[in-house]
Each structure stands twice: as C-alpha cells, then as structure tokens.
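User: I'd like to go through this model by asking why each label applies. Can you give me the value and the cut-off each time?

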Amino acid sequence: MDTVKFFEEHPILKHLILMLAVSVVIIILIFLGLKLYGRHGDVCEMPDVMGLNIEEAQNDNSNGLRYVVIDSIFQSGDPGGTILMQDPKAGTRIKPGRKVYVTISSYSAEAPTMPHVSNTATIAISTLEKEGLLGKLYFRVDESVAGAVLNRTYKGYEVQEGERLDPGALIDLTIAMRADNTANVPFVIGKNSIDARRDIHRAMLNIGREHLRGITERNRAIVVRTEPEFNGINQYPYGTEIEIWYESSDKVDGAKLAREFKVDSSKIVRPEPEESDDEVSPENRLQRRSNDDGTGYSEIEW
C-alpha cells in the first residue's frame, strides 16, 4: 500500500518507470525478432555440390539451401544439368536457407553462336571460357599492339560475331605479344579442372595433354601434378603447353594437396650471371657481334 501511495504522490516518476519498462520490452522483442528472421548464430558449412546434378542438389533439403541456376554452358563429357561452378564455394560458413548460385552444363549440345569477343586478350579469354568455347592460344610478335587479339578462328577460318558454330566448337585466339613475353606456371595443385584450366589460360599458357584416369566429370577432377611444375621462378614463353595429371575428388583432398605441396628446387632454372667488363680478359675482347655490314666480328675498344 505504501508503494501504491508513493506512486500516487509522485505521478511523474510512475510514468517514467512505466516508459522505461515498455522500452525494455520493445527492445527485447526487436532482438528476438531479428534473431528469428536472420537466424543469427545458426550456420552450416556449404557442401561441395560440383559434379552433382542440379535436380539432385535441389532435392536435398538437409540445409534448406536454394540453388539458383545463373548460366549453362556446353561441357564435353559432362551430362546435362551437372553443376560446374558454385557460389559460395565448398567449405564456406553460411546460413541455412540461403541462395546458392550455380552454373550447369547444358542438356543438349546446341549449336552455339559466336559471342562478342573483346580486342583485349584477357577479356576475350574470360568471355570464351565462360561460354565453353576457348580453344588454343597462339601468339605473334607485334609490340605495337601487345596484348590485343589479332584473330578469332575456328578450324583455321576467321569467325564473326553472331556466326553459328558447330556443337562443341572451340575458338582459337591469336594474340599480339612482345618478343620477350614469358610467364610462370600458375599454382593449380589441388584445384578442379575448370579452375586450373582458367588459371593456366589467364597466364597466357595452353593446356597440353590431360590425364583424367577414367574421370568423366571434370569438376571431380583434382590436379595432382603438372609438367612443367610450379616453382614460382621458371619462366616459359607464352603459349607453352602445360600437361596435367588428375585424380578424382573422391580419392584425394584438394586443399590438403595444396597445403602439403613442396617446390622441387632441383628443377629451378636460374639465369647465369652476366660477365662484367672487368672480368673479361684481353684475349676475349674480340667478340662476335652484328656489324652494319653483317660481317660478324669487330674489336671492342678497351
């Protein structure tokens, strides 16, 4: 009774306490609502669905994930509907029920049309890769336009934008380069076939012989070895072919292979140091070099 009487005698204080209590309740309700709506603290690991059929993935409701097809490309050797790429990648911590964006192989080898291909080599390579149309990279020394696409050919003939191609057609690019253009072999150990091929092409190198060892789905093919090998030092001319060996993702752990990879130092090629003028003996001062008249020998003053 004393408390009731107290609040009757102090109405302002009573209203302040009521307002504070209502505010606390509202804040609690808001946080509870956000937690339920955003599923805070409720996470799962993104599964590896590459190589699975899209219908198989969509029918798996264990995590409530929703698969959205954003593109389809013709991929030789893969059945229609096979998931070729996924976003987020496998192993990513995600919320259940989120959307997963995938690219799948087309269900039929429809005759593709030649897309618009940029004159810039890196963009042209990326465009043709996305369409599943990239063939070989050829290079021609032309320093005035180095890095530009000179020709887009199929079976040796120039192809125009919008032109209808044969099913499974691959477009070869001829690219301008500098005389001294070289590249390192990119590190692709532990990657799947599609990612490895992309990295090699973007280094301006070609895909050589591929050892799939009975693997029929490229997204299940994990790179275990390349020749030449990666070491981060050796340089190879643009267009060099990289031979690749694969194992099935059912047999090897790509992430573990990448972590445990060790560079073979015996295969590192280091350039020989150039002789300085002080190290050249008088007997060797007569050196062969190009003269204006092309005779080949001249005496260097010293």
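User: What makes you say that helix H5 lies across E11, E12 and E14?

Analyst: Helix H5 (residues 193-202) lies across those three strands, and it runs at about 150 degrees to E11. Lying across them is a matter of contact, meaning heavy atoms within 4.5 Å. The angle is taken between axes, which are lines fitted to C-alpha atoms (for helices over the stretch in contact), and angles run from 0 to 180 degrees between N-to-C directions. The names come from DSSP runs, numbered from the N terminus: helices are H or I with at least four residues, strands are E with at least two.

A word on the source: this is a predicted model, so local features need pLDDT of at least 70 and side-chain atom pairs count only at pLDDT 80 or more, while totals for chains, interfaces and linings use all residues. Residues are numbered from 1 along each chain as its sequence is written, and side-chain values use heavy atoms, with hydrogens and water left out.

User: How do you know whether H5 is enclosed or not by the rest of the structure?

Analyst: Count its buried residues. Buried means under 20% relative accessible area, exposed is over 50%, and partly exposed is in between (1.4 Å probe, protein chains only). Seven of the ten residues of H5 pass that test, so the helix is largely enclosed. They are Ser193, Ile194, Asp195, Ala196, Asp199, Ile200 and His201. Their packing partners are strand E3 (83-87), H4, strand E6 (134-141), E11, E12 and E14. For the protein chain, 35% of the 302 residues count as buried.

User: Why are H4 and H5 called roughly antiparallel or roughly parallel?

Analyst: The axes of helix H4 (residues 121-130) and H5 come within 10 Å and cross at roughly 160 degrees. Angles under 35 degrees count as roughly parallel, over 145 as roughly antiparallel, 65 to 115 as roughly perpendicular and the rest as oblique. The pair is therefore roughly antiparallel. The crossing of H4 past H5 is right-handed; that's the name if the near helix is turned clockwise from the far one by less than a right angle, and left-handed if anticlockwise.

User: Which residues in H4 meet which in H5, and what classes do they fall into?

Analyst: On the H4 side you've got Ile125, Ser126 and Glu129, and on the H5 side Arg197, Arg198, His201 and Arg202. That makes one nonpolar, two polar and four charged residues. The classes: Ala, Val, Leu, Ile, Met, Phe, Trp, Tyr, Cys and Pro are nonpolar, Asp, Glu, Lys and Arg are charged, and the others, Gly among them, are polar.

User: Back to the strands under H5. What makes E11 and E12 edge strands?

Analyst: The open three-stranded sheet is ordered E11-E14-E12, with mixed pairing. Strand E11 (206-211) and strand E12 (221-227) each pair on one side only, and the twist averages 35 degrees from one strand to the next. Pairing takes at least two bridges found by DSSP between two strands. E11 and strand E14 (residues 241-248) clear that with four bridges, in the parallel sense; Ile207 has Ile242 as its bridge partner there.

User: Why are E2 and E3 at the edges of their sheet?

Analyst: This one is also open, with three strands in the order E2-E5-E3 and mixed pairing. Strand E2 (66-73) and E3 have a single partner strand each, so one side of each is left without a neighbour in the sheet. E2 and strand E5 (residues 99-105) run parallel over seven bridges, with Val69 opposite Val102.

User: How do you know whether Val49 is buried or exposed?

Analyst: Val49 sits in the loop between E1 and helix H3 (54-58). Its relative accessibility is 4%, so it counts as buried. Beyond its neighbours within four places in sequence, Val49 is in contact with Tyr67, Ile83 and Gln86.

User: And what is Asp42 counted as?

Analyst: Partly exposed, because its relative accessibility is 32%. Asp42 belongs to the loop between helix H2 (11-38) and strand E1 (44-45). Not counting residues up to four places away, Asp42 touches Ile94, Lys95 and Pro96. The C-alpha atoms of Asp42 and Pro96 are 7.3 Å apart, across 54 residues along the chain.
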